[in-house]
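Colleague: Could you take me through this model, setting each label against the cut-off that lies behind it?

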Amino acid sequence: MNRNLIVPLWIFLLIVLTGCQPESPEASPNEMAKPAPSTSQQESPAKAVADPHSFSNANQIAVRHLDLELDVDFQARAIDGVVRLSLERLAPDVDRLVLDTRQLDIREVAGDDGQPLAWELGPKDPELGQALEIPLRPETDEVTIRYRTAPGATGLQWLEPVQTAGKAHPFLFTQAQAIHARSFVPLQDTPQVRFTYDALIRTPTELRAVMSAANDPEAELDGAFEFSMPQAIPSYLLAFAVGNLDFQAMSDRTGVYAEPTLLRPAAEEFADTEAMMQATEARYGPYLWGRYDLLILPPSFPYGGMENPRLSFITPTVIAGDRSLVSLIAHELAHSWSGNLVTNANWNHLWLNEGFTTYLEARIMELVYGPERRRMEDVLGYQALLEDLERLPPADQRLVPDYGERNPDDAFSWVPYEKGRLFLVFLEDRFGRERFDDFLRGYFEHFKFRSLTTDTFVQYLNQHLLASDPGRVTLEEVETWLYAPGLPDNAVLPESDAFARVDDWRSRWVDGEIDASQLPAETWTVHEWLYFLNNLPDALANDRMAELDAAYGLTRTRNNEIAHSWLRQAIAHRYEPALERLRDYLASIGRLKLIRPLYSDLMQSDWGAELARTVYADARAGYHPQAQATLDAIVQ
Ligand code: BES
Ligand code: ZN
């Protein structure tokens with residue numbers, strides 16, 4: 001057996017066989033005060049799981065509600081904030097509250113009675129920020145903090161008007177996952193704690209503020225916006241944005257917020273959102289968050305999407321005009337079940353959010369767009385995983401890594417996404433779709449509004465699926481999926497007939513049997529194009545690149561994913577006619593998934609490092625602080 005497996009397997013068997021649990025399924029501190037939901041599982045005393053990325057003493061005292069007041073100052077690139085935290089004591093003798101902060105200027109801390117409380121900031125940790133320690137009086141159950149954010153706050157991006165679609169107004173948005181909420185609100189920045197919130201955001205009068213909460217699209221533009229979020233959320237889902245935003249409904253409960261010129265194209269592109277919601281609800285249980293709206297951000301948004309509850313934040317780079325890239329919406333929507341409802345207890349267990357979501361995303365795509373589209377997306381995702389597995393050290397190939405105190409942003413890869421999906425596909429394959437769907441539905445129901453670790457998941461899996469059918473899947477197989485590097489042999493790998501045909505055509509062209517113009521490319525979907533391009537041979541003469549480009553205008557393509565694949569090939573084959581587009585692309589898009597591989601390819605080539613540095617020197621100021629941190633490590 002693989003040596004990496006021996007220790008975890010040991011602990012694991014001990015847990016399963018003896019029923020001695022390192023943390024119980026009711027372990028999230030958020031839940032500790034509530035009566036445990038009735039289940040067939042044996043209960044054990046609740047105990048919070050350690051979170052290596054938070055200073056907070058969340059196992060002793062938990063924030064249950066926030067009242068936020070934020071004054072947005074675009075000139076100073078700062079927010080003046082007042083937050084009142086409502087506390088619940090979990091340990092009777094707790095005498096202090098420890099919060100997470102990063103680059104916050106703390107001005108004043110007061111207790112329920114308005115009387116000042118003493119406070120102290122701990123030493124600065126480059127990854128985690130600073131602990132804010134507040135000694136509590138025995139009767140204190142509310143703490144109010146006045147503070148100001150730093151211009152370089154890692155959870156905020158302040159945009160100049162030129163960085164927006166309309167070019168006339170500034171824009172501000174937050175991105176809290178994984179550990180950046182602490183840079184704009186002092187709080188317990190761990191996904192083990194959930195809170196409801198009310199907020200008031202003051203903005204310049206021509207702009208609109210929106211939040212991961214109930215939004216009122218009719219709210220007057222008077223410089224003050226009120227919000228209330230009745231469902232309890234973890235801190236990484238706290239989000240807001242301020243800009244020149246309008247709203248357009250797509251269905252009774254879905255709609256789009258965007259800058260005016262993007263509103264119609266976005267509503268058209270994402271019109272299937274309601275169908276996606278209905279498909280997901282039919283399989284996995286009701287959508288529990290009220291409305292589901294999309295916020296279209298400027299192109300510097302560092303992610304494809306962010307599942308902020310009730311209001312997913314979405315990159316404009318997926319507005320392709322043909323709905324070809326809407327699996328992103330399926331993905332962010334799916335987080336309304338996996339992630340937002342059932343949440344990873346800390347970032348070592350990210351696969352519980354992203355793997356389940358990537359699995360649900362595929363199921364939604366199959367239901368709404370058919371099995372062939374789903375299979376093609378599966379194969380593309382699988383190939384992205386293979387590329388990562390080749391590049392990552394074994395420890396980072398595990399579904400459950402141990403990041404230690406490494407910033408979770410630095411360990412980002414396709415492993416929790418695609419390997420996580422393949423693990424669930426493996427379970428679906430062994431147990432059958434119907435049983436597995438019932439299992440998942442029960443899982444969401446059981447753990448809703450709670451956080452869990454992989455151990456708790458495995459225990460639940462064992463009790464509700466494995467044990468009912470002994471031998472169908474062994475715990476050892478599960479263990480291999482979770483803790484071994486690479487991909488287990490029993491993985492069920494995706495295949496696509498459409499892609500097999502693309503392989504044939506590609507070979508005929510590579511072998512010189514046909515010209516590029518004879519490829520049946522007018523019939524190809526975006527996915528077929530991506531597959532064609534991603535799998536071009538390493539050795540391809542420059543004139544063959546030119547031939548493709550002449551036949552299909554690839555350097556000019558407006559589809560950002562096709563452009564990405566083409567530009568990677570242009571770098572691999574040093575196809576110089578595409579380099580001007582490459583510069584424009586890198587300067588105008590901040591989405592890491594699209595630009596990080598281009599920068600690394602350039603840096604690793606024997607000719608492109610200088611180009612990468614020059615382009616980056618110009619583009620860096622326009623990137624998000626989190627993208628800057630990631631790209632600094634690659635380019636500088
Ligand atoms: N929650 C993630 C984004 C994220 C992950 C932010 C980790 C910070 C840390 C979001 O749901 C996501 O996965 N976005 C992907 C899209 C997806 C279809 C793979 C992205 O941004 O590309
Ligand atoms: Zn995700």
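Colleague: Why is Thr 358 called buried?

Modeller: This is a predicted model, and in it Thr 358 has a relative accessibility of 2%; buried means under 20%, so Thr 358 counts as buried. Thr 358 is found in helix α6, which covers residues 350–369.

Colleague: What makes the approach of the side chain of Thr 358 to the backbone oxygen of Glu 354 a polar contact?

Modeller: The side chain of Thr 358 reaches that backbone oxygen of Glu 354 at 2.6 Å, and because a polar contact needs a pair of N or O atoms within 3.5 Å, the value of 2.6 Å meets the distance cut-off. Leaving aside its neighbours within four places in sequence, Thr 358 is also in contact with His 331, Tyr 417, Glu 418 and Arg 421.

Colleague: Which distance links His 331 to ligand 1?

Modeller: A polar side-chain atom of His 331 lies 3.1 Å from an oxygen atom of ligand 1, while for His 335 a polar side-chain atom lies 3.0 Å from an oxygen atom of the ligand. With Glu 307, the partner is a nitrogen atom of ligand 1, at 2.6 Å from a polar side-chain atom.

Colleague: How much of the accessible area of ligand 1 does the protein cover?

Modeller: On its own ligand 1 has 520 Å² of accessible area, and the protein covers 94% of that. Two elements, β17 (305–306) and α5 (327–334), give two or more residues each to the shell around ligand 1, and α5 gives the most, with three residues.

Terms used. Residues are numbered from 1 along each chain as its sequence is written. Chains are lettered from A and ligands numbered from 1 in the order in which they are written. This is a predicted model: local features need pLDDT of at least 70, side-chain atom pairs count only at pLDDT 80 or more; totals for chains, interfaces and linings use all residues. Side-chain values use heavy atoms; hydrogens and water are left out. A polar contact is a pair of N or O atoms within 3.5 Å; within protein, one must be able to donate a hydrogen and the other to accept it, and residues adjacent in sequence count only if both atoms are side-chain atoms. Accessible areas come from the Shrake-Rupley method with a 1.4 Å probe; for residues, only the protein chains shown count as cover. Helices (H or I, at least four residues) and strands (E, at least two) are DSSP runs, numbered from the N terminus. Buried means under 20% relative accessible area, exposed over 50%, partly exposed in between (1.4 Å probe, protein chains only). Contact means heavy atoms within 4.5 Å.
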